[in-house]
Amino acid sequence: MSTRATAVGERTGRARSGRMVRFVLLFALAVLFMLPMYVLLVTGFKPFDEATAARAWLPPQTWSVEGWAAAWQALAPGLRNSVMVAVPSAVLSAVLGSMNGYVMARWRFPGADTVFTLFLFGMFIPYQAVMIPLQQMLVGANLMGGLFPLILAHTVYGIPICTLIFRNYYASIPPALVEAARVDGAGMLRTYASVVLPVSAPAFAVTLIWQFTSAWNDFLFAVFLTGPNSWPVTVQLNNVAGSMVVPYNQQMAAAVLASLPTLVVYLVLGRFFMRGLMAGALKG
Amino acid sequence: MSVSEKRAGGAVGSGPGRVPAQMSPWRRALVRSRSWLPGLLLVSPSILLIGVFVYGMIGWNTRLALSDRHRPVQEGEFVGLTNFVSLWQEARWPAAVGNAVVFTVVFVGGALLLGWFLGLLLDKGIRGEAVFRTLFLAPMAVSFIATGVVWRWLMNPAPAERATGLNALFVHLNLDFLVNDWWTAPDLGMAAMALPAIWQLAGYVMALFLAGFRGVPEELREAARVDGCSEWGVYRHVVMPQLRPVLLSSVIILGHMSLKVFDLIIAIAGQQIVADVPAVYMWAMVFEVRDPAKGATIASYLLIAVALFVVPYLVWSVRKERSEGR
């Protein structure tokens with residue numbers, strides 16, 4: 001009896017020290033992970049003459065918003081362009097994905113599995129493999145210049161993942177619900193509108209967030225498909241940072257500004273962001 | 001953790017498509033099609049878009065890669081695999097491929113190891129778990145360009161006396177032996193280049209593994225403990241073997257990102273040749289050299305590299321889903 005108690009005591013004691021060790025390790029790693037964030041904020045708030053090598057890791061002596069003001073000046077048009085691209089393409093591919101997911105989960109046609117697999121492959125392709133023809137086609141159709149090419153690209157290449165997310169989501173709603181509507185004689189669209197859409201909010205949240213984030217963070221399509229007037233924020237940020245004359249305080253402030261929208265979405269709606277991540281992993 | 005969590009409802013042949021026996025075959029087909037034709041129609045806009053913009057464009061790109069259209073204005077003639085072969089005869093291409101390979105190995109290995117370790121530390125619950133998770137995953141929400149801006153500063157290769165970034169920190173902490181050239185080092189520069197990518201994606205791997213760990217039923221772990229397994233033994237013999245699918249998905253996701261890495265390289269190194277990779281080379285072909293055929297050839301190689309391990313993975317997943325009868 002007493003030996004048993006000692007064993008249990010030993011075990012909980014070991015568990016406690018184990019937890020302590022894990023906490024310390026996690027804390028140390030968290031500090032390492034936060035180093036870039038520290039640099040971004042601290043450097044961003046330095047006045048120009050303090051953003052030097054000698055004071056690289058020290059907090060600002062005088063806090064200044066000079067870097068932020070300059071960064072805002074440089075990025076404002078890009079931020080606007082990014083909003084104008086990311087919002088419509090997120091909405092469009094979510095709507096298409098919802099329709100596709102519904103059909104592939106609940107209103108299947110012969111060959112639906114094959115079509116679905118072909119869609120999924122579209123999610124993995126390196127976009128370089130479509131970029132030159134896409135560019136040539138848009139030039140040929142005289143569509144280059146504005147934001148349209150970018151909206152088109154993000155919408156179309158967002159369809160696969162949105163379809164995947166909605167298909168998995170709809171497969172989890174009870175078939176009886178859909179069947180009941182069918183037996184009542186409701187057609188496909190009626191069933192979709194009255195039974196399926198009303199319960200789709202979580203899947204819409206996941207796809208909208210996912211698509212908004214990837215469109216916002218995209219750089220590849222942007223450099224191939226947009227010009228100076230329609231550059232989104234990633235391209236402008238890269239221009240700011242790539243030029244040797246822009247001081248560090250301004251570069252760092254610009255990097256934070258350009259990341260703020262997606263970071264805020266992540267912090268506020270992290271739960272949905274996570275689900276999008278998981279779906280992205282689990283394709284096939 | 002598979003394409004569909006549940007088997008999609010088998011709509012074909014049920015519902016309104018039920019067919020009386022004595023109909024003519026044509027009429028029967030027509031009636032039956034009513035059960036699936038609307039579905040096909042609803043998906044058809046997407047089928048068209050994917051067909052044109054994914055498969056059509058890939059076909060067009062392939063044709064371009066097989067032609068001698070080396071200037072935008074000229075029409076190309078079919079030249080077979082000439083471009084695919086000649087790429088290997090120059091100096092730049094094999095170097096770019098080598099860089100991408102080093103980057104991929106370090107990045108995928110590093111992110112897996114760190115992500116797995118973070119998942120392991122968090123698995124059994126700890127005070128502030130939600131905060132840690134949020135923190136490790138946060139870099140995922142940021143663009144590679146923004147990551148590149150701050151890491152270029154961190155990995156500034158300037159010598160110790162005017163060092164910034166990590167080199168300055170090392171000098172400051174009297175760890176001078178750690179001061180190094182980072183991504184500008186000719187041999188292992190690409191290993192340093194993988195650090196920001198690891199920073200950005202380790203949290204993702206952590207989330208995948210954490211979900212995997214937690215999916216292993218507690219009874220299984222308890223049973224192993226009763227059999228005298230140590231806590232570590234439980235992980236080694238019970239939990240880890242269940243996580244092979246998670247490992248596989250992680251490798252696929254990270255690997256396909258890595259082979260086509262572009263933004264991060266541009267943001268940190270621009271087009272400096274020491275950090276050249278196929279995607280940057282292709283970009284230069286399109287915008288500077290203006291050689292569509294060569295650009296398309298590089299793009300084709302990227303596609304082949306990615307397809308080589310994504311296609312078997314997709315086929316494997318779809319088969320698994322079927323065999324599980326879901």
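This report describes the chain contact, the domains, the nonpolar core, one helix pair and several individual residues of a predicted two-chain model.

**Chain contact**

The contact between the chains involves 78 residues of chain A and 87 residues of chain B. On the chain A side, helix α1 (residues 2-44) gives the most, with eleven residues. Sorted by class, the side of chain A that touches chain B has 54 nonpolar, 17 polar and seven charged residues.

**Domains**

Chain A is divided into domain 1 (2-33) and domain 2 (67-281). The C-alpha centres of these two domains of chain A lie 43 Å apart.

Chain B is divided into domain 1 (15-83) and domain 2 (88-323). For chain B, the C-alpha centres of domain 1 and domain 2 lie 35 Å apart. The contact between them takes 13 residues from domain 1 of chain B and ten residues from domain 2 of chain B. Helix α2 (residues 37-65) of chain B supplies five residues, the largest share of the domain 1 side. That side of domain 1 of chain B divides into four nonpolar, six polar and three charged residues.

**Nonpolar core**

The largest nonpolar core has 182 residues. Leu237(A), Ala254(A) and Ile265(B) are the residues with the most contacts inside this core. The element that gives the most to the core is helix α8 (residues 189-215) of chain B, with 17 residues.

Leaving aside residues up to four places away in sequence, Ile265(B) touches Met193(B), Ala275(B), Val277(B) and Val280(B).

As background, nonpolar side chains in soluble globular proteins tend to be buried together.

**A helix pair in chain A**

Two packed helices are described by the angle between their axes and the distance between the axes. In chain A, helix α2 (residues 66-106) and helix α10 (residues 233-242) pack at an angle of about 160 degrees, and their axes are 7 Å apart. Because angles over 145 degrees count as roughly antiparallel, α2(A) is roughly antiparallel to α10(A).

From α2(A), the residues that take part are Ala74(A), Leu75(A), Gly78(A), Leu79(A) and Ser82(A). They meet Val233(A), Val235(A), Gln236(A), Leu237(A) and Val240(A) in α10(A). The contact of α2(A) with α10(A) has seven nonpolar, three polar and no charged residues. Leu237(A), listed here on the α10(A) side, is also among the residues with the most contacts inside the largest nonpolar core.

**Three helix residues in chain A**

The table lists C-alpha separations for three residues of chain A.

| Residue | Partner | Separation along the chain | C-alpha distance |
|---|---|---|---|
| Ala205(A) | Val21(A) | 184 residues | 38 Å |
| Tyr170(A) | Val196(A) | 26 residues | 7.8 Å |
| Thr207(A) | Phe272(A) | 65 residues | 8.5 Å |

The contacts named below do not count residues up to four places away in sequence.

Tyr170(A) lies in helix α5 (residues 148-171) of chain A. Tyr170(A) is buried, with 27 other C-beta atoms within 10 Å. The residues that Tyr170(A) touches are Gly101(A), Tyr102(A), Ala105(A), Arg106(A) and Val196(A). Val196(A) is therefore both a contact of Tyr170(A) and its partner in the table, while the burial of Tyr170(A) follows from its neighbour count, since 20 or more such atoms make a residue buried.

Helix α8 (residues 201-217) of chain A holds Ala205(A), and Thr207(A) lies in helix α8 of chain A too. Ala205(A) is partly exposed, with 17 other C-beta atoms within 10 Å. Thr207(A) counts as buried, with 32 C-beta neighbours inside 10 Å. Ala205(A) touches Leu269(A) and Phe272(A). Thr207(A) touches Ala94(A), Gly97(A), Cys162(A), Ile165(A) and Phe166(A).

**Positive phi in chain B**

Most residues other than glycine have a negative phi. Asn174(B) has a positive phi, near 60 degrees, and is not a glycine. Asn174(B) is found in the loop between α7 (165-172) and α8 of chain B. With 7 other C-beta atoms within 10 Å, Asn174(B) is exposed.

Arg290(B) also has a positive phi, about 55 degrees, although it is not a glycine. The loop between α13 (278-289) and α14 (292-323) of chain B contains Arg290(B). Arg290(B) is partly exposed, with 14 other C-beta atoms within 10 Å.

Notes: Residues numbered from 1 in each chain as written. Chains lettered and ligands numbered in written order. Predicted model: local features only at pLDDT ≥ 70, side-chain atom pairs only at ≥ 80, totals over all residues. Core = buried A, V, L, I, M, F, W, Y, C linked by C-beta atoms within 7 Å. Buried ≥ 20, exposed ≤ 12 C-beta atoms within 10 Å, placed from the backbone. Helix = DSSP H or I, 4+ residues; strand = E, 2+ residues; numbered from the N terminus. Contact = placed C-beta atoms within 7 Å. Nonpolar A, V, L, I, M, F, W, Y, C, P; charged D, E, K, R; others polar. Domains from an automatic or database assignment. Axes fitted to C-alpha atoms, helices over the stretch in contact; angles between N-to-C directions. Parallel < 35°, antiparallel > 145°, perpendicular 65-115°, else oblique.
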